[in-house]
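Open the model in your viewer and keep the selection box at hand. We will go stop by stop.

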Amino acid sequence: MTENNTANRETMGFQTEVKQLLQLMIHSLYSNREIFLRELVSNASDACDKLRFEALHNDRLFENDSDLKIRISYDKAARTLAISDNGIGMSRDEVINNLGTIAKSGTREFFTKLSGDQQKDANLIGQFGVGFYSAFIVADKVAVTTRRAGEQADQGVHWESDGGGEFTIEMVDKAARGTDITLHLRADQDDLLSGHKLRSIIHKYSDHIVQPIVMKKEEWKENGQVITDEDETVNQASALWARARNEITGDEYKAFYKHVGHDYEDPLAWIHARVEGRQEYTQLLYIPARAPFDLYDRSARHGIKLYVRRVFIMDDAEQLLPNYLRFVRGVVDSSDLPLNVSREILQESKDIEAIRKGCTNKVLSLLEDLAANEQEKYAGFWGEFGQVLKEGAAEDFANKDRIAGLLRFASTHADTDAAIVSLADYIARMKEGQDKIYYITAETFNAAKNSPHLEVFRKKGIEVLLLSDRVDEWVVSSLTGFDGKQLVSVAKGGLDLGKLEDEAEKQEQEKQASDHKELTEKIRKTLGKRVKEVRVTHRLTDSPACLVADEHDIGGNMARMLKAAGQQMPTTLPILEINPTHPVVLRLKDEQKHFDDWAAVLFDQALLAEGGQLDDPAGFVKRVNQLMLEMRAG
Ligand code: ADP
């Protein structure tokens with residue numbers, strides 16, 4: 001930030017990201033320009049909430065005026081629009097930080113995602129939350145005058161900018177606490193200078209705001225319309241969640257979501273309930289339609305708003321929901337908690353635990369309901385938040401089965417990489433005699449789909465779940481079964497297909513194993529410390545060899561992931577399995593001269609096929625070339 005002192009007035013530069021955001025917003029949100037009012041009213045409302053909360057501990061902050069409200073007015077001659085509140089206000093430092101920078105984590109990453117395509121970028125900006133800067137969609141100059149509650153009248157701050165690269169800031173006198181925002185409208189925005197127009201925008205977007213939004217009453221007289229001195233409240237001004245469900249319209253629920261969720265799109269679904277019993281509280285919880293850009297950012301704020309008997313207590317109360325439901329937005333209003341509840345208290349409170357349990361339960365029910373009755377919506381949900389919900393299968397022991405029921409996977413049954421198969425679908429399609437749910441984990445969908453480990457399953461028409469998300473390894477390590485059926489990796493342990501194989505097949509396998517005893521022993525000696533064991537398999541039909549992990553060892557994919565994450569772990573050796581009917585293996589039986597090279601290539605290609613990295617890639621290339629030349633010679 002550059003500073004340029006001239007007496008009391010200073011000119012400062014916006015943070016680079018703010019400049020970018022301003023440009024983008026003005027262009028891509030123009031067709032949605034009315035949202036500026038929703039955003040500014042929403043900020044004013046938050047400011048009133050914050051004041052009410054801080055005043056619980058310090059009555060002085062009210063400055064003898066506890067009648068919190070938001071005022072909207074316009075001046076046709078000056079072509080300005082003003083939004084004022086008597087909320088918490090801002091100090092000079094707060095103005096500079098809040099209106100000159102974007103404090104959100106992940107801002108830089110957000111900008112790298114922008115494509116230049118207006119429609120797409122508009123959606124992204126919506127997820128980012130447009131906030132205060134949306135004023136510049138309709139205004140070519142914005143002035144903010146504010147004073148923090150409890151400060152002297154001369155501690156007012158005036159901020160002004162034309163939305164270019166800079167803003168000015170100076171100290172001014174401001175008698176009334178709170179914030180006034182004045183928009184100098186762009187040339188083509190005159191239609192906003194109308195009481196009727198403004199009232200209709202307020203009804204559309206801000207009816208649910210808890211504080212009264214007041215405007216001067218307008219009347220028709222002989223000489224046209226006059227604005228009287230009398231105030232009138234133009235919004236409903238009651239806490240939406242405290243009203244009865246059947247008295248709230250879908251549009252009201254959606255508008256409220258945009259306020260609490262800081263989102264620009266409609267929510268996917270919501271649940272509104274009043275819970276009575278040992279703990280009494282109201283919950284209004286929303287599932288967004290789209291994941292925010294910082295869903296995986298550990299430092300990102302998440303959680304829901306906590307109120308106690310309609311008094312706002314805190315934003316982002318993350319204790320009210322488990323981490324794997326961090327995408328949920330909304331409000332919990334408790335009737336029992338003390339008003340002075342702090343984050344520290346929340347962490348240990350038994351009451352909060354009960355509320356958290358109740359909220360988790362409700363969200364899972366909502367998802368179950370979507371999955372059963374609105375599959376398209378559920379597919380949309382899964383695409384956005386499936387990865388996060390999967391964390392729950394590993395984290396939430398009490399709800400493991402319910403979460404397992406909500407999981408969706410790709411599978412060999414479908415032709416696409418879309419995750420659409422539920423465990424219940426899988427079980428319903430199981431072959432006669434099948435008693436296990438088979439899966440494979442790999443780094444990518446293609447690596448999973450084309451893995452040699454699937455060959456025998458393909459041949460027998462047995463479905464295998466294809467897991468290629470990073471979190472999947474954790475899912476299957478904690479989710480050992482579903483509905484009484486064990487989950488089994490096709491790349492671990494000996495392959496026991498149980499009743500899916502007949503007696504003749506089993507006898508044939510035993511015979512192959514003993515016939516090849518000498519060969520497997522010889523390969524094992526050659527490969528030495530690279531393998532735990534070498535054995536004959538009936539897993540393969542087309543490939544000569546594959547690697548499997550021993551029953552209780554860490555699988556290859558998991559081991560690679562842990563290594564990539566920099567984790568120390570004991571080295572576990574893989575088992576090399578060879579296909580006794582493959583021509584390469586048959587040929588190897590008679591090989592004398594280059595046996596060692598053949599064995600090494602067999603091992604290396606099995607490692608490559610499952611996405612592993614060769615210890616000595618150059619050595620592998622050399623051996624393959626040698627073998628190619630031999631073939632030609634022979
Ligand atoms: P967001 O509301 O998503 O944090 P904004 O850009 O809308 O982002 O606002 C940035 C910050 O400026 C707010 O978090 C708040 O601290 C402050 N702010 C904005 N408007 C007001 C207001 N009317 N009164 C007090 N503070 C405000």
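Start in the largest nonpolar core, which has 78 residues. Select Leu-306, Phe-381, Leu-389 and Tyr-438: of the core's residues, these touch the most other members. Keep in mind that this is a predicted model.

Next, select helix α10, residues 350-373. Helix α10 gives this core its largest share, nine residues. Now colour domain 2 (240-373) and domain 3 (408-490). The core draws at least three residues from each of these two domains.

Zoom in on Tyr-438. Which residues does Tyr-438 touch, leaving out those up to four places away in sequence? Show Tyr-426, Phe-457, Ile-462, Glu-463, Val-464 and Leu-465, which are among them. Then add Val-488, Val-490, Asp-496, Leu-497 and Leu-500, which Tyr-438 also touches.

Move to another core, lying apart from the 78-residue one. This other core has 56 residues. To find it, select Leu-21, Phe-36, Ile-83 and Val-142, which are among its members.

**Aromatic rings**

A pair of aromatic rings is described by two quantities: the distance of the centres and the angle of the planes. The model has 18 aromatic pairs with centres within 6.5 Å. Select Trp-159 and Phe-167 for one that is stacked. Their centres are 5.8 Å apart, and the planes make an angle of 25 degrees. Are these rings buried or exposed? Trp-159 is buried, with a relative accessible area of 0%. Phe-167 is buried too, at 1%.

Now go to Phe-381 and Phe-385. Why does this pair count as tilted? The centres lie 5.8 Å apart and the planes stand at 35 degrees. Planes under 30 degrees apart would be stacked and over 60 edge-to-face, so 35 degrees makes the pair tilted. Display helix α11, residues 375-395, to see both rings in context. Phe-381 and Phe-385 are four residues apart in helix α11, so about one helical turn separates them. Phe-381 and Phe-385 are both buried.

Return to Trp-159 and Phe-167 and widen the selection. Add Phe-14, Phe-132 and Tyr-133: with Trp-159 and Phe-167 they form one aromatic cluster.

**Last stops**

Select Lys-522 and Phe-595. Lys-522 lies over the face of Phe-595, 4.1 Å from the ring centre.

Finally, zoom out and colour by domain. The assignment gives domain 1 (6-233), domain 2 (240-373), domain 3 (408-490) and domain 4 (500-633). Place a distance marker between the C-alpha centres of domain 1 and domain 3: they lie 52 Å apart.

Terms used:
Residues are numbered from 1 along each chain as its sequence is written. This is a predicted model: local features need pLDDT of at least 70, side-chain atom pairs count only at pLDDT 80 or more; totals for chains, interfaces and linings use all residues. Side-chain values use heavy atoms; hydrogens and water are left out. Rings of Phe, Tyr and Trp (its six-membered ring) pair if their centres lie within 6.5 Å; planes under 30 degrees apart count as stacked, over 60 as edge-to-face and the rest as tilted. Buried means under 20% relative accessible area, exposed over 50%, partly exposed in between (1.4 Å probe, protein chains only). Helices (H or I, at least four residues) and strands (E, at least two) are DSSP runs, numbered from the N terminus. A charge sits over a ring if NZ of Lys or CZ of Arg is within 6 Å of the ring centre and within 35 degrees of the ring normal. Domain bounds come from an automatic or database domain assignment. A nonpolar core is a set of buried Ala, Val, Leu, Ile, Met, Phe, Trp, Tyr and Cys residues joined through side-chain atoms within 4.5 Å. Contact means heavy atoms within 4.5 Å.
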